[in-house]
Amino acid sequence: MARRSHLYRVMLLSLFAMLSIFAIAQQPSNTQQTSPTFHNDVVIKGGTILTVTHGKIENGSIYIHNGKIVAVGQSVNAPSNATVIDATGKFVMPGIIDAHSHIALDDDVNEATSPITPHMMMRDAFDYNDKAIYRALAGGVTTSLLLHGSANMIGGQAVVIKHKYGLGRDEMIFPGAPQSIKFASGENPKRVYGGKGQLPSTRMGNFEVMRAAFIEAREYMRTWDDYDAKIKKGDKDATPPKKDLKLEALADILRGKLLVQIHCYRADEFLTEMAMAKEFGYKIRAFHHALEAYKVADKIAAEGVAIATWPDWWGFKYEGWDGIPWNAAISLHKGVRVALKSDSEDVTRRLNQEAGKIMHYGLTEEEALKAITLNPAWIIGVDERVGSIDVGKDADISIWNSYPLSSAALVDKVLIDGDVYFDRSLPGYGLTHYKEVQ
């Protein structure tokens, strides 16, 4: 009897073990794949290549070696054993770049406890498993700037990602991309903090909070400069000032170490923001949303500031009442660098359609293409790496089944650093690196 009971126990334990193994196998794995080995040699052949910088090449080819574009033209010299991607009858263009996104940040996009939070790091909130990264990838997006929200006059520092869905968090972060920081003017900060009965609750309060922060940062810089000068003179008794993460980040703005990206709608606020930048000696990289840029486009252009805007969003709040669909065209023709961006988990996968739409309001095909590739790359500070099909750049490329600036176009393949991360012909949503079950 005892022997039979022992046998039953062994059988039950074996059954439980088998069920446990099965259950584990059915769970989505958090174990990420390691970075893929670059294809040594890849040729994309036979498509219409929209280079963005040097026109259109019919029936052209692109030779990729170790993740970089090596040659582009009617024909290319590549090893006979190179992997060939047949793009005959299709369109080939750079990967789309979104210069204003909040995907993969969940509800952590705003640190709304203070109007000045430059030491917040969006990298710490980056959810690399967010399916919105995949959806954007399937829409041809290869790079995105993930920004802090617009609750604060000076918000946190952004993270730049490549849409290598299926890899680990650190493997998605764009290596060597400059650090951007988010400012926000207007309704949002005054509503957030005015609703709490604290400063700022008006536009006057908004800018006073900024000025006070930069004045404090200047003093912080002075104390550190004085300390460094003493050390250089050999003063062994010099005491270092206390490190302050917030003031250190503000000082980095004044030192020109951070690209300043500003959420701003109204013409008067563009002028105030640019005057403040001059007062404190930093540069503004771009105004985002920028619906009234057309009113002062010449002044924005004179300061070398870009805009990241929508083709036709308007009227959704007070600051948007004067938005017009000719904003991008008017601004561009007055010398402003113009990008189209999403600010939306949905629009980010349809930026090609936004570019097609803007052509109706005065942009050429080349200008529209630049608005979703090279110009947002410049805003992010990565235009020497991505944004056009040029020799030496990262092989971040999208292949489309038809003319890409059309609402009917679909992405067939997306390459990032020369490796295919999306292939519509494959099962499993076209993913090549993501493994749901190990």
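**View 1. Three strands, E6, E7 and E9, make an open sheet.** They line up in the order E6-E7-E9, with mixed pairing (two strands pair if DSSP finds at least two bridges between them; strands are DSSP runs of E with at least two residues, and helices are runs of H or I with at least four, numbered from the N terminus). On the edges sit strand E6 (96–101) and strand E9 (159–162), each pairing on one side only. Neighbouring strands here are turned by 15 degrees against each other on average, direction ignored. This is a predicted model, where local features need pLDDT of at least 70 and side-chain atom pairs count only at pLDDT 80 or more, while totals for chains, interfaces and linings use all residues. Residues are numbered from 1 along each chain as its sequence is written, and side-chain values use heavy atoms, leaving out hydrogens and water.

**View 2. Here's a look at E6 beside E7 (residues 141–146).** The two run in the parallel sense, joined over four bridges. Looking for one bridge to spot? Asp98 has Ser144 in E7 as its bridge partner.

**View 3. Helix H5 (residues 203–232) meets helix H7 (residues 267–280).** Their axes come within 11 Å and cross at roughly 15 degrees (axes are lines fitted to C-alpha atoms, for helices over the stretch in contact, and angles run from 0 to 180 degrees between N-to-C directions). H5 and H7 are therefore roughly parallel to each other (that label covers angles under 35 degrees).

**View 4. Now for the residues where H5 and H7 touch.** On the H5 side, Phe207, Met210 and Phe214 are among those taking part, and H7 brings residues including Thr272, Met276 and Phe280 (contact means heavy atoms within 4.5 Å).

Note on methods
Parallel < 35°, antiparallel > 145°, perpendicular 65-115°, else oblique.
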